[in-house]
Amino acid sequence: MELMVPVKDGEVWAEDSGEPGGRAGAGGPGGDMPPLVLLHPGVADSRVWDGILPRLREGRRVIRYDARGYGRSPAPTARFSLVDDLTAVLDHFDVARAFLAASSMGGTTAIGLALGDPGRVAGLALLVPGITGNPDFLMAEFTAEVGRLARAGDMDGIVALVMRTSAAAGSGDDPAEELIRAVIPAWFAVHPHQVPDPPAFDRLGELDVPCVLALGEHDDPEAVRCNEQMAARIPGCRLVRLGESDHFPILREPEAVTDLILRAYAAAR
């Protein structure tokens with residue numbers, strides 16, 4: 001089921017597979033398990049999950065959505081918070097508690113909800129996650145270069161920059177390039193309206209949910225160091241190093257990522 005979900009001063013595109021063996025919200029096999037909610041990275045929209053959705057949906061209710069301005073969701077016209085939007089999506093689908101599988105920007109959002117409203121999160125599978133409040137993970141040079149290229153109107157230059165820093169493990173006709181090119185306009189549409197969520201790095205020790213964190217060995221070195229620090233701070237977190245991945249582990253190692261998510265989901269029982 002695809003639909004537009006109302007959020008504060010806007011709406012987002014979402015897709016709900018419904019309960020296994022029945023309509024959305026109905027009982028059935030797996031109906032006593034929390035839904036699996038997928039949060040996409042800032043370098044792609046929710047299409048990044050397409051290749052692994054079939055396995056994730058086997059016996060599970062899966063919900064995914066596009067953040068404002070990304071994919072099929074309209075650009076924001078008012079100030080908004082990513083965590084508040086996630087809460088609105090969960091409320092719309094009557095999800096009291098969810099397991100969150102989240103990549104990069106989505107990881108920042110998932111952690112924000114787990115800290116702000118821990119009762120709503122059954123577990124976390126974090127893929128190359130971002131984080132607010134880490135003074136060592138500013139990526140100031142990257143941001144400045146994106147701004148310079150944007151002022152010059154050099155979209156191809158921005159794509160090439162992101163490919164070098166975030167998609168180093170790709171080769172040939174890399175599907176990451178299409179996803180990156182599609183979301184860059186969203187960065188500029190969203191930036192004036194997005195309210196930063198509170199700093200979370202120094203609060204990671206407060207997380208009290210099952211958690212696995214996967215980093216990509218070919219990711220930007222700053223991102224790798226940040227992910228290592230995050231895993232060390234989260235109580236009981238299992239760190240997984242994906243040797244063939246960059247900032248697109250869902251594309252680079254789909255089977256390994258799917259197995260990781262499903263094992264973590266099962267452990268959250």
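1. Arg-241 first: in this predicted model the residue comes out partly exposed, with a relative accessible area of 42%. The side chain of Arg-241 meets that of Glu-228 in a salt bridge, 2.9 Å from N to O. As for where the two sit, Arg-241 belongs to strand β8 (residues 238-242) and Glu-228 to helix α7 (residues 221-233), so the pair links distant parts of the chain, 13 residues apart. Glu-228 has 29% relative accessibility, so this residue also lands in the partly exposed class, which runs from 20% to 50%.

2. There's a network to look at as well. Glu-15, Asp-50, Arg-57 and Arg-64 are joined into one by salt bridges that share partners. If you're wondering how many salt bridges turn up in total, a search of the whole structure gives 21.

3. Next, Arg-68 and Asp-85. Their closest N and O atoms are 2.7 Å apart, and the two residues form a salt bridge. This is another pair that links distant parts of the chain: Arg-68 lies in the loop between β4 (62-65) and α2 (82-92), while Asp-85 is in helix α2, 17 residues apart. Are these two buried or exposed? Both Arg-68 and Asp-85 are buried.

4. Arg-72 and Asp-66 are worth a look for their surroundings. Their side chains meet in a salt bridge at 3.5 Å, N to O. The two partners fall into separate accessibility classes: Asp-66 is buried because its relative accessible area is 0%, under the 20% cut-off. Arg-72, on the other hand, counts as partly exposed because its relative accessibility is 38%, between 20% and 50%.

5. Last one on my list is Arg-252, which you'll find in helix α8 (residues 249-252). Why does Arg-252 count as buried? Its relative accessible area is 16%, and buried means under 20%, so the residue makes the cut. The side chain of Arg-252 is joined to that of Asp-246 by a polar contact of 3.0 Å.

6. If you want to see what surrounds Arg-252, leave aside its neighbours within four places in sequence. What remains in contact with Arg-252 is Ala-167, Ala-169, Gly-170, Asp-174 and Ala-176, along with Glu-244, Ser-245 and Asp-246. Asp-246 thus appears both in that contact list and as the side-chain partner in the 3.0 Å polar contact.

Definitions and conventions. Residues are numbered from 1 along each chain as its sequence is written. This is a predicted model: local features need pLDDT of at least 70, side-chain atom pairs count only at pLDDT 80 or more; totals for chains, interfaces and linings use all residues. Side-chain values use heavy atoms; hydrogens and water are left out. A salt bridge is a side-chain nitrogen of Lys or Arg within 4 Å of a carboxyl oxygen of Asp or Glu. Buried means under 20% relative accessible area, exposed over 50%, partly exposed in between (1.4 Å probe, protein chains only). Helices (H or I, at least four residues) and strands (E, at least two) are DSSP runs, numbered from the N terminus. A polar contact is a pair of N or O atoms within 3.5 Å; within protein, one must be able to donate a hydrogen and the other to accept it, and residues adjacent in sequence count only if both atoms are side-chain atoms. Contact means heavy atoms within 4.5 Å.
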